[in-house]
Amino acid sequence: MLLPSPGPELGRQKRGRRHSGRIAHYYSARVRFIYIDKFEAGVVVRSEQTKQTFTNAARRAQIVQAAVDVIAELGYAKASFAKITERAGLSSPRMISYHFADKDDLIHQIVREVYTAGAEFIGGRMAAEETVPGKLRAYLEANLQFLREHPQEMAALTEIGPHARDAGGTPYTSQTAQEPSVRGLTELLSAGQRSGEFRDFDVRSMAVMIRGAIDAAGQRLRGEPGLDFDAYTRELVTAFTLATGSGRHSPSGAHP
């Protein structure tokens, strides 16, 4: 640990004194103790701040998950702070108000977290593939897997959808909700055409159909408990592999 050196004023005072060595030693010791005390105090403060940050993050996550469960099971309209408080095991709705300004703030956090988790999961699977057809297959499979493994979150988003508004207060529609995914798919399909891995087709129309098939799977998964989701996934991958393929590349994972 580096210690600050004595300033010029102290250096001038020490000149000509018999016990300048003792003074210098005393000064260094005092600086050392003061410096270490401040350093350790800073560590304690930062440690407490870190603990508080982790505690707040854990509490927010607890509230978000409770809200997801309540909305999925009771519906958006009945998802009051009182119900969420009860589900989260909190002592008072004020604990929710401490972390979220109002219900809209909490709802926005739910949407952000679900979409972020989905994007990270799907993006990771796509990044592991080197070819564009491989990325499309990973996109399809990962989307359906995420839907299957997060039924509560999907049910909550379905309930939230009709009540969602953009920053200007305009209600979201299924088209506006799909648009970011459609644009991303359009770019992916265009890349496949440029590389010669995909045949010539209207990329936006194909992107809309792909997104529609995925969203339909989510609706079926909730409303049709007997749906063979593995078969749905296989057939979806096969259908769009054949629909987009140029014929120059074998449709890996497809079953013509």
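Is Phe-198 buried or exposed? At 5% relative accessibility, Phe-198 is buried, because the cut-off for that word is under 20%. We'll come back to what surrounds this residue, but let's get our bearings first.

What you're looking at is a predicted model. The protein has 256 residues, of which 33% are buried. Its fold is built from 10 helices, with zero strands, so going from the N terminus you read α-α-α-α-α-α-α-α-α-α. Many of the contacts reach across the sequence: of those with a separation of 6 or more, 61% link residues 24 or more positions apart.

How far can you trust the picture? The mean pLDDT is 80, and 76% of the residues reach 70 or more. Residues 1-41 are another matter, since pLDDT stays under 50 there. For that stretch the model has 17 contacts beyond four places in sequence. Where pLDDT is low, the predicted coordinates shouldn't be read in detail.

Now find helix H6, which runs over residues 132-149. With 18 residues at 1.5 Å a residue, H6 should span 26 Å, and its end C-alpha atoms are 25 Å apart, so expectation and model agree. At the start of this helix, a side-chain oxygen of Thr-131 comes to within 3.0 Å of the backbone nitrogen of Gly-134.

Much of H6 is tucked away. Its buried residues include Val-132, Leu-136, Arg-137, Tyr-139, Asn-143 and Phe-146. What does the covering? Helices H5 (103-127), H7 (151-160), H8 (174-194), H9 (203-223) and H10 (229-244) are among the elements that cover them.

Take H5 as one of these partners. The axes of H5 and H6 come within 8 Å and cross at roughly 145°, and the crossing is right-handed. On the H5 side the contact involves Val-114, Ala-117, Gly-118, Phe-121, Ile-122, Arg-125, Met-126 and Ala-127. H6 answers with Lys-135, Ala-138, Tyr-139, Glu-141, Ala-142, Asn-143, Gln-145 and Phe-146. If you're wondering about the spacing along a helix, an α-helix has 3.6 residues a turn, so residues three or four places apart point the same way.

Back to Phe-198, which sits in the loop between H8 and H9. Leaving aside residues up to four places away in sequence, Phe-198 touches Val-132, Pro-133 and Leu-136, along with Leu-188, Leu-189, Gly-192, Gln-193, Thr-244, Gly-245 and Ser-246. One of these, Gly-245, is 47 residues away in sequence, yet the two C-alpha atoms are 4.7 Å apart in space.

The H8-H9 loop also holds Gly-196, which counts as buried at 12% relative accessibility. Its C-alpha lies 7.0 Å from that of Ser-246, although 50 residues separate the two in sequence.

You can look at this from the other side too. Thr-244 belongs to helix H10 and is buried, with a relative accessible area of 1%. Beyond residues up to four places away in sequence, Thr-244 touches Glu-197, Phe-198, Arg-199 and Phe-201, and also Leu-136, Leu-189 and Met-206. Leu-136 is a residue that Phe-198 touches as well.

One last stop is Ser-92, in the loop between helix H3 (81-88) and helix H4 (94-99). Ser-92 counts as buried, at 11% relative accessibility. Ser-92 and Ala-82 are 10 residues apart in sequence, and their C-alpha atoms are 7.9 Å apart.

Note on methods
Residues are numbered from 1 along each chain as its sequence is written. Side-chain values use heavy atoms; hydrogens and water are left out. Helices (H or I, at least four residues) and strands (E, at least two) are DSSP runs, numbered from the N terminus. The expected span of a helix is 1.5 Å times one less than its number of residues. Buried means under 20% relative accessible area, exposed over 50%, partly exposed in between (1.4 Å probe, protein chains only). Contact means heavy atoms within 4.5 Å. A polar contact is a pair of N or O atoms within 3.5 Å; within protein, one must be able to donate a hydrogen and the other to accept it, and residues adjacent in sequence count only if both atoms are side-chain atoms. pLDDT is the predictor's confidence in each residue, from 0 to 100. Axes are lines fitted to C-alpha atoms, for helices over the stretch in contact, and angles run from 0 to 180 degrees between N-to-C directions. A crossing is left-handed if the near helix is turned anticlockwise from the far one by less than a right angle, and right-handed if clockwise.
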